[in-house]
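Please open the model in your viewer, with the sequence panel beside it, and follow the stops below in order.

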Amino acid sequence: MNKAISFLRECVAELKKSTWLSRQEVMQSTFLVAIVVALVAAYVGAVDFGLTRVLGALVGGQ
């Protein structure tokens, strides 16, 4: 139990040494990540749709 408490105290001490992003930096990063995720999702969706159509035509589906 003593080791666990010591570990938690060391964790808190290390976290206090860290420099944290400002609220504005976090919001900008979050916005950028959301845009990149949307673009990648659209790209993967378009490739999936295209490959589905091509493979469907090759196999003799629709």
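The tour goes from the whole chain to its helices, and then to side chains and surface.

This is a predicted model, in which local features need pLDDT of at least 70 and side-chain atom pairs count only at pLDDT 80 or more, while totals for chains, interfaces and linings use all residues. Residues are numbered from 1 along each chain as its sequence is written, and side-chain values use heavy atoms, with hydrogens and water left out.

Begin with the entire protein chain in cartoon view, where you will find two helices and zero strands (DSSP runs, H or I of at least four residues for helices and E of at least two for strands, numbered from the N terminus). The radius of gyration is 24 Å, well over the 11 Å that the globule rule gives for 62 residues, so the chain is more spread out than a compact globule; the radius is taken over C-alpha atoms, and the rule is 2.2 Å times the number of residues to the power 0.38. Turned along its principal axes, the chain has C-alpha atoms that fill a box of roughly 70 × 35 × 10 Å.

Next, select residues 2-17, which form helix H1. Its 16 residues should span 22 Å, and the end C-alpha atoms lie 23 Å apart, which agrees; the expected span is 1.5 Å times one less than the number of residues. The count of buried residues in H1 is zero, where buried means under 20% relative accessible area, exposed over 50%, and partly exposed in between (1.4 Å probe, protein chains only).

Within H1, show the side chains of Glu14 and Lys17, which meet in a salt bridge at 3.2 Å, N to O (a side-chain nitrogen of Lys or Arg within 4 Å of a carboxyl oxygen of Asp or Glu). The structure holds one salt bridge. Because Glu14 and Lys17 are three residues apart in the helix, about one helical turn separates them. Glu14 is partly exposed at 46%, whereas Lys17 is exposed at 61%.

Now move to helix H2, residues 23-59, whose 37 residues should span 54 Å and whose end C-alpha atoms are 53 Å apart, in agreement. Just after H2 comes Gly60, with a positive phi near 100°.

Finally, switch to a surface view and select the nonpolar patch of about 1100 Å², whose members include Leu32, Tyr43, Leu51 and Val59. Patches are made of residues with over 30% relative accessible area and no salt bridge, like charges being joined within 9 Å and nonpolar side chains (Val, Leu, Ile, Met, Phe, Trp, Tyr) within 5 Å. Leu32, in H2, is exposed at 54%.

Conventions: Areas by Shrake-Rupley, 256 points an atom, 1.4 Å probe, with all protein chains shown as cover.
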